[in-house]
Amino acid sequence: MASSGLRRDRNIVAQDYDYFLVLDFEATCLENEKIHPQEVIELPVLKVSGKTFETESTFHQYVEPQVHGVGDFCTKLTGITPEMVKGQPTFAETLKLLNDWMLREGLLDPAVKSIFVTCGDWDLKTMLPSQCGYFEIPYGSYFRQWINIKKSFAVVTGHFPKGMMQMLEKLHLEHVGRHHSGIDDCRNIANILRALAQKRFKFKQTGKR
């Protein structure tokens, strides 16, 4: 688990990034079949210090889908109900809100180096460009490079993980919250990020578009 202290752990080496932006989309889904277009219904991002690996700020927004609603299977999987997304911003509006948050947090300052961190490549390699392409939504260049924490984990441990739960188990970390809740998944990914950093690992970009 992440320490509550803000001092740098002596085991954490200097990183190339000032901040790691831990992101995990939740999206509309059906059981045993594909949905088109698949739409983001939860967008959380944690701003994690590249020095202390503490979370300094949080962006969290539920998103109202425009084509398909949130069905029973999706609610069972993610915990997100139709009521939770009704009347919430569209995905285009949410990306604008996220950009505004990044601006307030100083993340768009050219002197500040940050990178998104995801559990897998799906969020930024597949989901984001797919939905933005379908609805003709522009998106920031900061989404075009990221760290897939599974690949970082594999470098540190020599084992490529099936998913987040296996990484937590291998690192002897307690799972917090609900699996497939976007915000809870981000918190768990951030704990994995810190645990790898405490093994003197220097994170590198793994994906780009």
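This report describes the fold, the nonpolar cores and several individual residues of a predicted model of one protein chain.

## Overall architecture

The protein chain contains seven helices and seven strands. Read from the N terminus, the elements follow the order β-β-β-β-α-α-α-β-α-β-α-α-α-β. The series thus opens with four strands in succession and closes with a strand.

The chain has 209 residues and a radius of gyration of 17 Å, which agrees with the value near 17 Å for a compact globule of that length. Along the principal axes, the C-alpha atoms occupy a box of roughly 50 × 35 × 30 Å.

## Burial, contacts and surface

Within the protein chain, 49% of the 209 residues count as buried. Contacts between residues far apart in sequence are well represented: of the contacts with a separation of 6 or more, 71% join residues 24 or more positions apart.

The accessible surface of the protein chain amounts to about 10500 Å², and carbon and sulfur atoms contribute 48% of this area. The chain carries 26 positive and 25 negative charges, and the mean positions of these two groups lie 10 Å apart.

## The nonpolar cores

The largest nonpolar core is made up of 29 residues. Those with the most contacts inside this core are F20, V22, I149, I192, L193 and F203. Both strands and helices take part: two or more residues each come from strand 1 (19–23), strand 3 (40–49), strand 5 (114–118), helix 5 (149–157), helix 6 (164–170) and helix 7 (182–197). Helix 7 gives the most to this core, namely nine residues.

F20 illustrates how this core draws on separate parts of the sequence. Leaving aside residues up to four places away in sequence, F20 touches Q15, L46, K47, V48, G50, F53, I115, V117, I147, L193 and F203. Two of these partners, L193 and F203, are also listed with F20 among the residues with the most contacts inside the core. A second, separate core has 25 residues, including V45, F59, L124 and M127.

## A cis peptide bond

The peptide bond that leads from H36 to P37 is cis, with omega near -5°. P37 itself is located in the loop between strand 2 (26–27) and strand 3.

## Residues in the loops around helices 6 and 7

G163 belongs to the loop between helix 5 and helix 6. Is this glycine, G163, buried or exposed? The relative accessible area of G163 is 16%, and G163 is therefore buried, since the cut-off for burial is under 20%. G163 and V67 are 96 residues apart along the chain, and their C-alpha atoms are separated by 29 Å.

Two further loop residues have positive phi values although neither is glycine. For H172, phi is near 60°. H172 is situated in the loop between helix 6 and helix 7, and H172 counts as exposed because its relative accessibility is 74%.

For R200, phi is near 65°. R200 is placed in the loop between helix 7 and strand 7 (207–208). With a relative accessible area of 48%, R200 is partly exposed, because the exposed class requires a value over 50%.

Key:
Residues numbered from 1 in each chain as written. Predicted model: local features only at pLDDT ≥ 70, side-chain atom pairs only at ≥ 80, totals over all residues. Heavy atoms only, no water. Rg over C-alpha atoms; globule rule 2.2 N^0.38 Å. Buried < 20%, exposed > 50% of the residue type's maximum accessible area, 1.4 Å probe, protein only. Contact = heavy atoms within 4.5 Å. Areas by Shrake-Rupley, 256 points an atom, 1.4 Å probe, with all protein chains shown as cover. Lys, Arg positive; Asp, Glu negative; His and termini not counted. Charge placed at Lys NZ, Arg CZ, Asp CG, Glu CD. Core = buried A, V, L, I, M, F, W, Y, C linked by side-chain atoms within 4.5 Å.
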